[in-house]
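Got your viewer open? Here's a short tour: at each stop, select what's named and take a look around.

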Amino acid sequence: METLVTALICFPFLWAIFPALIHNSKCRAFFVYLGCGIVMVSSVFIAIRWFLAGGETLNFRLPHQELFGHIFLVGDVFLMCFITYLAFKYKRPIISFLTITSTVIPSALEFVGPKLPNTYTMRFDWLTFIMVLIIGVIGSLIGVYAVGYMHGYHIHHHKELTDRRSFFLAMIFVFFGAMFGLVFSANLLSLYFFWEITSVTSFLLIGYTRTDEAINNSFKALWMNLLGGCGLAVAITVGYLWFNTANLFEFIRIAKLSPDDMRCLLPIAMLAFAALTKSAQFPFSGWLLGAMVAPTPSSALLHSATMVKAGVYLLIRLTTAMADNYVGNMVALIGGFTFLVASCLAISVSDGKKVLAYSTISNLGLIVACTGCGYAETIWAAVFLVIFHAVSKSMLFQCVGAIENTIGSRDVEDMQGLMSIFPKLAFILMIGIAGMFLAPFGMLISKWAALKAFIDTKSVYVSSLMVLFICFGSATTMFYWTKWMSKILGPATREKSRDLTKKNEYISMFFHATLMVALILGFPWLSQNVLKPLSRNMFGAVEQVISQENIIIMIVLLVGVFVIPAFNYIMTKNSKYRPVLTYMGGANAGDNMSFVSATGEAKEMHVANFYMEEIMGEKKLFTPAIIISAFLIIVYMIIVIGGAF
């Protein structure tokens with residue numbers, strides 16, 4: 001297994017050379033498809049082999065561990081030099097300071113610090129199993145989608161931009177390798193190396209177009225994630241000097257043994273801080289919103305299978321060390337607050353990608369809040385949220401990108417009547433939206449479980465706040481998704497045109513839609529055979545989060561959502577019907593698009609959503625949200641750091 005894991009981590013890095021060097025479109029596409037296929041098959045094979053072997057936790061060292069240690073060290077220095085060069089080139093001194101600080105200190109400790117014991121550096125357990133499948137399957141599908149999308153992006157829509165598709169597709173494979181390395185790493189030195197690669201790769205993808213906006217947004221993402229890298233560096237330093245370890249699981253064990261000792265909580269707090277920056281929680285949400293300037297495949301990748309999932313992955317790892325202490329309270333409050341505020345902000349925007357971005361931040365907030373409580377029930381909910389969110393959000397971003405390429409806009413208002421114009425795209429979009437907030441899809445089930453767990457939390461004030469955050473956040477979530485859904489199902493306001501979506505894009509999107517339905521059907525099996533062992537592995541006990549009666553209710557809802565509409569369609573598809581003109585506040589002009597008003601004037605029908613910008617707009621909420629969340633983090637970090645010293 002050690003050799004297979006090593007190959008899975010190394011292969012994407014090496015394969016990235018092919019798309020980087022090949023500039024013939026068809027030849028490059030072949031190597032991207034082949035590489036994505038190998039990554040997907042390898043990740044599924046390794047995961048299934050581990051599962052069938054009994055699912056026992058494997059702690060191991062990489063073959064030639066010392067060689068890899070030197071590679072990681074050289075890689076850290078190279079990344080530092082590369083970032084420093086770009087920081088000086090674009091006159092961003094704060095970025096050079098952050099990268100030098102976060103790299104030099106842990107690197108120096110490897111040479112002059114105390115000698116650490118030779119323990120395992122990699123771990124394969126149930127959480128790794130889930131993350132490997134998300135990265136390998138969802139990530140590879142995004143890679144397949146990217147080939148067709150980027151062709152249309154440059155050939156049809158952005159001819160003015162330099163065609164750097166070879167670079168873009170190569171970076172996708174680098175992202176795969178970095179994420180595989182990150183989720184297997186038990187040693188913080190190797191985790192830090194892969195963590196920084198994800199930060200640099202996202203920076204390069206966000207700045208792909210090299211416009212002023214793209215450059216500014218890419219540097220925003222870089223400095224915020226480098227700030228999190230500094231948190232990792234502090235945790236490594238504390239581990240070296242105080243605990244003689246750089247092992248993540250040793251940190252967790254020490255914190256669980258002494259939950260009231262702030263010295264033991266300090267590295268956990270620093271790691272949690274790093275995870276909050278990576279998972280785009282307030283006050284660090286700005287970098288993920290700015291990432292929208294990048295082509296759609298990078299957005300799908302950042303929001304689903306990589307980057308932000310690295311942050312919540314680390315928090316799930318830390319959850320048992322955060323139960324009922326200051327660090328856990330900080331994480332839970334920041335997550336719950338982000339969930340509510342981001343869902344409110346999503347109501348006020350009509351840009352489809354921006355709605356998806358705020359939705360990502362909001363749902364990540366709920367996952368983060370679940371990890372902060374540190375109970376088996378909340379982690380059950382958090383992991384399900386991670387799984388369903390990865391599939392839904394990847395599919396939604398891909399679909400919105402395809403819609404933008406086809407109709408020339410990604411504005412929700414321009415998607416009026418999409419179901420009658422482009423039914424395939426509309427169907428995929430509807431499945432994705434339904435997956436985010438309707439029963440029996442996993443996002444709603446997970447919120448249900450999280451709400452129950454928060455009610456049982458020992459901290460009364462945190463419990464009360466979290467229940468309010470979830471209730472109001474879920475209500476606002478339903479509001480912005482139903483607005484979008486109603487536009488898709490409404491009467492069409494544009495003529496039918498040619499669908500420009502390529503076959504490989506549809507292959508990826510329909511695979512996602514099928515996977516979403518399969519996850520619903522396989523929900524009881526997934527809970528019994530994956531989530532329960534994960535809970536037992538982390539907490540030593542298994543909680544029955546969803547009762548048998550509730551599972552029966554979900555099956556009934558599943559029938560209502562899928563079977564009844566399908567039955568109605570089959571029974572009525574050959575029925576004759578008579579078109580009826582609709583009433584539109586006046587006499588219909590005969591085309592269902594315009595009407596005669598009371599004054600006798602012909603008026604064109606206009607249907608628009610209510611965005612409440614004066615109440616929930618970005619100008620009203622965004623800055624106060626940053627101030628409040630920053631204040632919470634500073635207060636809790638002062639308590640932990642002050643107590644440690």
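Before the first stop, one term: a polar contact is a pair of N or O atoms within 3.5 Å; inside a protein, one of them must be able to donate a hydrogen and the other to accept it. Keep in mind, too, that this is a predicted model.

**Stop 1: helix H6**

Select Asp125 and Leu127. At the start of H6, a side-chain oxygen of Asp125 comes to within 3.3 Å of Leu127's backbone nitrogen. Now extend the selection to residues 126-157, the 32 residues of H6. How far apart should the ends be? At 1.5 Å a residue, H6 should span 46 Å, and its end C-alpha atoms are 43 Å apart, which agrees. Pause at Ala146, where H6 bends by about 30°. Then switch on the surroundings: 27 of the 32 residues of H6 are buried, so this helix is largely enclosed by the rest of the structure.

**Stop 2: helix H10**

Next, pick residues 248-257, which make up H10. Just ahead sits Asn247, capping the N-terminal end of H10 with a side-chain oxygen 2.8 Å from the backbone nitrogen of Phe249. Which residues of H10 are buried? They are Leu248, Phe249, Phe251, Ile252, Ile254 and Ala255. Show what covers them, and you'll find, among others, strand E2 (122-124), helix H8 (188-206) and helix H9 (212-243). Helices H11 (262-278) and H14 (308-318) are also part of that cover.

**Stop 3: the cysteines**

Looking for disulfides? A disulfide is a covalent bond between the sulfur atoms of two cysteines. This structure holds zero of them. Try Cys370: the nearest cysteine sulfur belongs to Cys373 and is 7.1 Å away, and the cut-off for a disulfide is 2.5 Å, so Cys370 is in none. Cys370 is buried, with a relative accessible area of 0%. Select Cys264 as well; this one is buried too, at 5%.

**Stop 4: Thr477**

Jump to Thr477 in helix H21 (residues 460-489). Is Thr477 buried or exposed? Its relative accessible area is 2%, and buried means under 20%, so Thr477 counts as buried. Leaving aside residues up to four places away in sequence, Thr477 touches Phe339, Ser343, Ser362, Phe437 and Lys447.

**Stop 5: a sheet**

Finish with an open sheet of three strands, in the order E3-E4-E5, with antiparallel pairing. E3 (587-588) and E5 (602-604) stand at the edges with a single partner strand each, so one side of each has no neighbour in the sheet. Two bridges join E3 to E4 (residues 594-596). Zoom in on Asn588, and opposite it you'll see Phe595 in E4.

Technical notes:
Residues numbered from 1 in each chain as written. Predicted model: local features only at pLDDT ≥ 70, side-chain atom pairs only at ≥ 80, totals over all residues. Heavy atoms only, no water. Helix = DSSP H or I, 4+ residues; strand = E, 2+ residues; numbered from the N terminus. Expected span 1.5 Å × (residues − 1). Bend = angle between axes of the 7 residues up to and from the residue. Buried < 20%, exposed > 50% of the residue type's maximum accessible area, 1.4 Å probe, protein only. Contact = heavy atoms within 4.5 Å. Pairing = 2+ DSSP bridges.
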